[in-house]
Amino acid sequence: MKSIAACLQHSIKASCFSYKLIGMACICCGLSMTVLAQPDTTQYQYAQISLSGNGALLYVRSTRDNKFNEIFMTGANGGPAKKMASGIVPKWSPDGASFLYSVSRGQFFISGMDTSLKTDPFKNSTAHDLVTATFSRDGKSIVFSQGAPPTADISIMNRETREIKAVTAGPGLKWGADISPDGKYMVYAYFIRAADRTITDRGIVVKDLASGEEKKIAGFGEYPIWSHNGKSIAFFGHNNNEKPSHIYTINPDGTGLRQLTEGEADETPQWGPGDKQIFFVTRNTAGLWEIWTMNADGTAKEKLVGNRM
């Protein structure tokens with residue numbers, strides 16, 4: 001027979017072994033809990049980008065079904081992102097100190113970098129007003145499209161006085177305006193639709209803001225944007241009405257049209273600092289939008305923000 005001391009020693013050893021098993025089980029349980037705490041696997045869309053002069057990138061993140069839209073900010077090289085607001089179509093101010101965005105048609109807000117300043121500079125009375133707004137180059141005015149389809153014109157609102165001045169007139173929808181770096185010209189997209197809804201005319205126009213003279217520089221395209229040096233305009237569109245859409249550049253006089261992308265669908269280009277890169281959104285094979293970059297000549301395409309496939 002075993003002595004009581006031997007039995008106690010055996011019991012202690014068994015207990016220690018049991019505690020070790022329990023400890024290991026707890027560790028394993030902890031590991032399991034860690035494994036179960038998976039990161040967000042929701043598939044998002046990333047679009048509607050705006051890039052500041054110092055390289056801060058605003059973009060809209062939404063679910064595939066567009067149940068919500070959130071505006072995030074990250075660096076031009078990617079990295080951690082910060083939620084700035086709930087809304088759509090963000091646009092940086094020229095000094096990068098604030099941004100313009102919308103929460104509904106015809107209603108614009110301006111937010112400071114600390115997201116504490118939110119004002120309502122303009123609210124339309126027409127539900128069909130187009131929400132395509134941006135800042136003037138001096139930041140003192142907001143350029144936006146106003147009207148109800150099939151007609152909409154571009155206006156400029158003084159941020160201080162709220163005075164609104166129309167800068168285009170005539171038939172068709174005009175939207176996506178951008179002011180040249182020297183403040184002398186405006187570029188915008190337009191189309192004219194017939195009664196049977198077929199498009200009879202479309203394109204991109206450069207307007208001399210002083211003389212009012214206009215010149216059509218492309219027969220297709222949307223959301224044109226000036227390069228920082230004013231020597232080139234980037235836009236996206238369907239050339240010859242063919243799909244999908246691609247990114248193009250063109251000189252302000254209408255020469256030098258160049259196609260830069262060949263993706264599933266490429267949209268809303270933005271010039272990077274120094275005009276060395278172009279940021280754009282593209283649709284992947286799963287039908288989700290991602291943010292990519294490329295050199296200004298279309299080379300070295302690289303995904304910046306998007307879903308893991």
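1. Let's start with the charged pairs: searching the whole structure, a predicted model, turns up seven salt bridges. A few of them are worth a look one by one, together with the strands that carry them.

2. One salt bridge joins the side chains of K83 and E70, at 3.2 Å from N to O. K83 sits in strand β4 and E70 in strand β3, and the two are 13 residues apart. How exposed or buried is each partner? K83 is partly exposed, at 41% relative accessibility, while E70 counts as buried because its 13% falls under the 20% limit. The pair also belongs to a network of salt bridges that links R61, E70 and K83.

3. The strands around this pair are worth tracing too. β3 (residues 69-75) and β4 pair in the antiparallel sense over five bridges, with M73 standing opposite K82 in β4. Both strands are part of an open sheet of four strands, ordered β1-β2-β3-β4 with antiparallel pairing. β1 and β4 (78-86) form the edges; each has a single partner strand, so one side of each has no neighbour in the sheet. On average, neighbouring strands here are turned by 30° against each other, direction ignored.

4. Next, have a look at K174 and D153, whose side chains meet in a salt bridge with an N to O distance of 2.9 Å. K174 is in strand β13 (residues 173-179) and D153 in strand β11 (residues 153-158), so this contact ties together parts 21 residues apart in sequence. Both of these charged residues are buried.

5. E290 and K303 make another salt bridge, with their closest N and O atoms 3.6 Å apart. This one connects strand β23, which holds E290, to strand β24 (residues 302-305), which holds K303, across 13 residues. E290 counts as buried at 3% relative accessibility, whereas K303 is partly exposed at 36%.

6. Now for the nonpolar side. The largest nonpolar core has 15 residues, and Y46, I49, L57, Y59, V281 and I291 touch the most other members. Two or more residues each come from β1 (44-51), β2 (56-63), β22 (277-283) and β23 (289-295), and β1 gives the largest share, five residues. I291 is a good place to zoom in: beyond its neighbours within four places in sequence, its contacts include Y46, I49, L57, Y59 and also K303.

7. Finally, the overall picture. The chain has one helix and 24 strands, and 44% of its 309 residues count as buried. Its accessible surface comes to about 16400 Å², with 54% belonging to carbon and sulfur atoms.

Methods:
Residues numbered from 1 in each chain as written. Predicted model: local features only at pLDDT ≥ 70, side-chain atom pairs only at ≥ 80, totals over all residues. Heavy atoms only, no water. Core = buried A, V, L, I, M, F, W, Y, C linked by side-chain atoms within 4.5 Å. Buried < 20%, exposed > 50% of the residue type's maximum accessible area, 1.4 Å probe, protein only. Contact = heavy atoms within 4.5 Å. Areas by Shrake-Rupley, 256 points an atom, 1.4 Å probe, with all protein chains shown as cover. Pairing = 2+ DSSP bridges. Axes fitted to C-alpha atoms, helices over the stretch in contact; angles between N-to-C directions. Salt bridge = Lys/Arg side-chain N within 4 Å of Asp/Glu carboxyl O.
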